Amino acid sequence: EVTPLAEPSLSPNVDEITAFIQSGSAVVPQTFSFSNLNFNTGTAALMAGAEIEIDLLAKVMTDFPQMQARIEGHTDNTGLEATNRELSAERANTVKQQLVARGIEAGRIEIAGLGSGSPIVTNNTEEGRALNRRIEFVLTKIE
C-alpha cells in the first residue's frame, strides 16, 4: 500500500503574506523575504528549491487576485555595481516570468533591480554573500 505524501506546508513567508492580507488592516507597501529564492554568483539562474517557493507565491497571488506586487532583486557586493544592478533586475525578471508561467497576470507584477545596496548581512563571508543574493516580494496594492 502506498502512503500518500503529506501536502507540503507553506513556507513561513507565504503564511505571513496570507495572514497579512486576511488581517483586513494591511498597510502597503509591505516587504517579505524568501530564504529559498537564491541565485548563484553572477547568474540569474535559480538555485535548487526555488521552484517550491515560486509555486507557493503563485498560489497566494492566485488566491488573492486583487494583490499587486513588486519583485526586488538583490545581489552581493562582488563585481561592479552597474553590473550588479543589471543582474538583480534579471533575477527579479526571472521570478516574474516564473510566476507568469504559473498563470499570474504580468501586469500585476513590477520588477526592480537594486544591486548590492541593501545587504541583509555582511558580504565578508560566502554564506553572507549567498544570503544577500536574494529576492524580496513587496506587496504594493490590495484592492
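Here are four short exercises with worked solutions on this predicted model.

**Exercise 1. Check the spans of helices H2 and H3 against ideal geometry.**

Start with H3 (81–101). The expected span of a helix is 1.5 Å times one less than its number of residues, so the 21 residues of H3 should cover 30 Å. The end C-alpha atoms of H3 are 30 Å apart, which agrees. Now repeat this for H2 (50–63). Its 14 residues should span 20 Å, and the end C-alpha atoms of H2 do lie 20 Å apart. One last detail: H3 is followed by Gly103, whose phi is positive, near 100°.

**Exercise 2. Find which residues of H3 are buried, and what they pack against.**

First list the buried positions: Asn84, Leu87, Ser88, Arg91, Ala92, Val95, Lys96 and Leu99. Then look at the spacing with a helix in mind. An α-helix has 3.6 residues a turn, so residues three or four places apart point the same way. Finally, turn to the partners: the buried residues of H3 pack against H2, E2, E3 and E4.

**Exercise 3. Place Ile71 in the fold, from its strand up to the core.**

Step one is the strand: E2 covers 67–73. Step two is the pairing. E2 runs parallel to strand E3 (residues 109–113), with five bridges between them, and Ile71 has Ile111 as its bridge partner in E3. Step three is the connection: together with H3, these two strands form a right-handed β-α-β unit. Step four is the surroundings. Beyond four places in sequence, Ile71 contacts residues including Ala92, Val95 and Leu99, and these three are among the buried residues of H3. Phe137 is another contact of Ile71. Step five is the core. The largest nonpolar core has 28 residues, and Ile71 is one of those that touch the most other members, along with Ile17, Phe34, Met61, Met67, Leu99 and Phe137. H2 gives the most to this core, with seven residues.

**Exercise 4. Decide whether Arg134 is buried or exposed, and describe its surroundings.**

Locate Arg134 first: it sits in the loop between helix H4 (126–132) and strand E4 (135–142). Next, apply the cut-off. Buried means under 20% relative accessible area, and Arg134 has 4% relative accessibility, so Arg134 counts as buried. Then look for a polar partner: the side chains of Arg134 and Glu136 share a polar contact of 3.2 Å. To finish, collect the contacts more than four places away in sequence. Arg134 touches Leu37, Asn38, Glu72, Gly73, His74, Ser118, Pro119 and Ile120.

Conventions:
Residues are numbered from 1 along each chain as its sequence is written. This is a predicted model: local features need pLDDT of at least 70, side-chain atom pairs count only at pLDDT 80 or more; totals for chains, interfaces and linings use all residues. Side-chain values use heavy atoms; hydrogens and water are left out. Helices (H or I, at least four residues) and strands (E, at least two) are DSSP runs, numbered from the N terminus. Buried means under 20% relative accessible area, exposed over 50%, partly exposed in between (1.4 Å probe, protein chains only). A polar contact is a pair of N or O atoms within 3.5 Å; within protein, one must be able to donate a hydrogen and the other to accept it, and residues adjacent in sequence count only if both atoms are side-chain atoms. Contact means heavy atoms within 4.5 Å. A nonpolar core is a set of buried Ala, Val, Leu, Ile, Met, Phe, Trp, Tyr and Cys residues joined through side-chain atoms within 4.5 Å. Two strands pair if DSSP finds at least two bridges between them. A crossover is right-handed if, with the strands pointing away from the viewer, the path from the first strand over the helix to the second runs clockwise.
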